[in-house]
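Biologist: I would like a close look at a single part of this protein. Please keep the sentences short, and build the picture step by step.

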Amino acid sequence: MEQSKDVYKKEYRGVRIKTTDGVTWQGKVNIGIKARVADLFTKTDDPFIVVSDVEREDGTRTVLFVNKNNIVWVEPEDH
């Protein structure tokens with residue numbers, strides 16, 4: 001079964017995300033074939049979003065899988 005290459009398109013947008021525990025993360029989300037960051041929340045049933053290039057307190061970078069139910073707000077960065 002072959003899937004369209006468009007399904008795996010990489011189109012990253014910078015975001016700031018505040019979670020219910022009060023932590024604010026800054027990183028990048030792949031919107032792929034979607035038109036905007038908001039589509040990750042309104043046009044998909046996936047319970048998690050993947051945030052890459054998140055900087056930890058020690059300066060290292062990591063990837064986070066964030067449950068949408070634990071997000072208070074998301075602020076897209078201008079690109």
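Which residue forms a salt bridge with E55, and how far apart are the closest N and O atoms? Please go on from there to the hairpin around that pair and to what surrounds the hairpin.

Modeller: This is a predicted model. E55 forms a salt bridge with R61. Their closest N and O atoms are 3.4 Å apart. General chemistry helps here: side chains of opposite charge can pair when their charged atoms come close.

R61 has another partner. D53 also forms a salt bridge with R61, with the closest N and O atoms 3.5 Å apart. Now add K28. Salt bridges link K28, D53, E55 and R61 in a network.

How open are the two acidic residues? E55 has a relative accessible area of 45%, so it counts as partly exposed. D53 is at 31% relative accessibility and therefore counts as partly exposed too.

Now place these residues. Strand β3 covers residues 48-55, and strand β4 covers residues 61-67. The two strands run antiparallel, and six bridges join them. Together β3 and β4 form a hairpin, with five residues between the strands. In this hairpin, look for G59. Its phi is positive, near 90°.

Next, look across the pair of strands. V50 stands opposite F65 in β4. Both V50 and F65 belong to a nonpolar patch on the surface, along with F48 and V63. Together, these residues have about 390 Å² of accessible area. β3 and β4 each supply at least two residues of the patch. F48 sits in strand β3. F48 has a relative accessible area of 44%, so it is partly exposed.

Strand β3 also contributes to the interior. A rule of thumb is useful first: in a regular strand the side chains alternate between the two faces of the sheet. Another one fits the next step: in soluble globular proteins, nonpolar side chains tend to be buried together. Here, the largest nonpolar core has 11 residues: V15, I17, V29, I31, V37, L40, I49, V51, V54, V66 and I71. Strands β1 (12-19) and β3 each supply at least two of these core residues. β3 gives the largest share, three residues.

Follow the core to V15. Leave aside its neighbours within four places in sequence. V15 is then in contact with several residues, among them W25, V29, V37 and E75.

E75 leads to another charged pair. E75 forms a salt bridge with R16, and the closest N and O atoms are 3.5 Å apart. R16 lies in strand β1 and E75 in strand β5 (residues 71-76), so the pair ties together parts 59 residues apart in sequence. With a relative accessible area of 39%, E75 is partly exposed. R16, at 32% relative accessibility, also counts as partly exposed. The whole structure holds six salt bridges.

Finally, step back. The protein has one helix and five strands. From the N terminus, the elements run β-β-α-β-β-β. Of the 79 residues, 25% are buried. Take the contacts with a separation of 6 or more: residues 24 or more positions apart account for 43% of them. The protein exposes about 6,000 Å², and carbon and sulfur atoms supply 47% of that area.

To return to the start, E55 pairs with R61 in a salt bridge, and both belong to a network with K28 and D53.

Terms used:
Residues numbered from 1 in each chain as written. Predicted model: local features only at pLDDT ≥ 70, side-chain atom pairs only at ≥ 80, totals over all residues. Heavy atoms only, no water. Pairing = 2+ DSSP bridges. Helix = DSSP H or I, 4+ residues; strand = E, 2+ residues; numbered from the N terminus. Core = buried A, V, L, I, M, F, W, Y, C linked by side-chain atoms within 4.5 Å. Buried < 20%, exposed > 50% of the residue type's maximum accessible area, 1.4 Å probe, protein only. Contact = heavy atoms within 4.5 Å. Patch = residues over 30% accessible without salt bridge, like charges linked within 9 Å, V, L, I, M, F, W, Y side chains within 5 Å. Areas by Shrake-Rupley, 256 points an atom, 1.4 Å probe, with all protein chains shown as cover. Salt bridge = Lys/Arg side-chain N within 4 Å of Asp/Glu carboxyl O.
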